[in-house]
Amino acid sequence: MSQVKVPEGRWSWVKIDRGALRRNLRAYKSLLAPRQKLCCVVKADAYGHGAIECARVLHSAGADMFAVATVREGVELREAGIQAPILILSEPPITAIPQLIEKNIMPTVYTIEFALAYGECAVRAGTVGKYHLAIETGMNRIGVHYADVLEFCRNINFHRGIQCDGVFTHFATAEDVAGWDYKLQCKRFEEAVRALEDAGFDCGTVHCDNTPATMLDPSTHYDMVRVGIGLYGLYPCDSSRSVIKLDPVMSVRARVTRTAHPAMGEGVSYGYTYRVPRTAVQICTLPIGYADGLSRTLSNRMEVLYRGERVRQVGNICMDQCMVAIQQTPIHQIPEAEYGDVMTIIGRDGDAEISADEMARLRGTINYEVVCDFGMRLDKVYL
Ligand SMILES: *Cc1c(COP(=O)(O)O)cnc(C)c1O
């Protein structure tokens, strides 16, 4: 553990396991037919894992397309030299159109105003603007209502400056593919796509599956699937665990920056929500706090790993630091820590593991948010 290469400026870091990322991508490819494409979702800095580095790894491992949430995220990938198609998963403001054309980034489209402005700009630039049409099938978030797609396409299809590269929807309830709600969304999508095809409209790449739908329902893979969380080695729901084996890509560690033995009754951290008990404890300071993604709601409730064992975090988690207590009991003796010792916040240490899922449960959220948050400020070490 002490051989880990640590960033110079601060003793806390996120480790990104490129090999795990590659293996996870291959596991998803194994679920697809050869002609079916894999769109890797790298929005929000690849769920906190670092979009540029992850996109490079994923592209060399066989990613067919990248999906992002914002224009800036797309531009960053292009400026880093990523050549694969890039799709923005919602319709950006019209003011972003020149940048989309310049950088060859595909928007999602669902308003006539945007589609026509996009076409005008493309014609002026002497090119054709590719886009993906979003169909609203029940998430009630974005897209053209499933019953209105044919009319929508008739209204924009005359324009020679735009070309439909794909048609997609996004499920609201993909964790429950046996449920009525999921089946209804599938049916609406299928009927909308069929209506377009029957009218002679070229839909391009048809896609609807996120990670859970990709894993749980092969019948909706269509031409491409959009996988996010699973690439990072996390399961979107318990029912998906038996489908393929995934390896977590992110781990989070920190080194002890100070040790002390405050007297019994002394308080620790802001507000003294923890006081040193009758038995002696060693208080160890770690340089990681809520501005690094370690939510303050975990204060006095979480554990970290030290020498393969669980030790308690104590006192309120600060913005940039937190404290843990190493406490001896008559039945459990654990060596005290030294300045520079490594502790694991997310990841494995020996036989012990703290997963993003465990932390998500404690926080009352999902693993997606846990990993996104650790991407905020910590240095990333790519392995
Ligand atoms: C974020 C997102 C995805 C990826 O979802 P995962 O559950 O992480 O696989 C796919 N499609 C759309 C439209 C999204 O917004």
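**Pockets and ligand surroundings**

In the lining of the second largest pocket, eleven residues are nonpolar, five are polar and seven are charged, where Ala, Val, Leu, Ile, Met, Phe, Trp, Tyr, Cys and Pro count as nonpolar, Asp, Glu, Lys and Arg as charged, and the others, Gly among them, as polar. The structure is a predicted model, in which local features need pLDDT of at least 70 and side-chain atom pairs count only at pLDDT 80 or more, while totals for chains, interfaces and linings use all residues. Residues are numbered from 1 along each chain as its sequence is written, and side-chain values use heavy atoms, with hydrogens and water left out.

The second largest pocket holds about 430 Å³ of space. A pocket is here an open set of points on a 1 Å grid over the protein atoms alone, where a 1.4 Å probe fits, with protein on both sides within 12 Å along at least five of seven lines, and lining residues have an atom within 4 Å of a point; grid points are joined across faces, edges and corners, and a volume is the space filled by probe spheres set on the points. This second largest pocket is lined by 23 residues, with Pro 248, Met 250, Gly 347, Arg 348 and Glu 353 closest to its centre. Two or more lining residues come from each of strand S11 (250-255), strand S19 (342-349), strand S20 (352-354) and H10, helices (H or I, at least four residues) and strands (E, at least two) being DSSP runs numbered from the N terminus.

The largest pocket has a volume of about 720 Å³, and its space is the one taken by the ligand, a molecule being placed in a pocket if more than half of its atoms lie within 2 Å of the grid points. Its lining comprises 38 residues, and Tyr 47, His 170, Asn 210, Ile 366 and Tyr 368 lie nearest the centre. By class, 21 of the lining residues are nonpolar, eight polar and nine charged.

Around the ligand there are 14 residues, of which Lys 43, Tyr 47, Thr 211, Arg 226 and Tyr 368 come nearest, a residue being near if one of its heavy atoms lies within 4 Å. Helix H2 (43-47), helix H9 (211-216) and strand S10 (224-227) each contribute at least two residues to this shell. A ligand nitrogen atom lies 2.8 Å from a side-chain N or O atom of Arg 226, and an oxygen atom of the ligand is 2.9 Å from a polar backbone atom of Gly 228.

Notes: A polar contact is a pair of N or O atoms within 3.5 Å; within protein, one must be able to donate a hydrogen and the other to accept it, and residues adjacent in sequence count only if both atoms are side-chain atoms.
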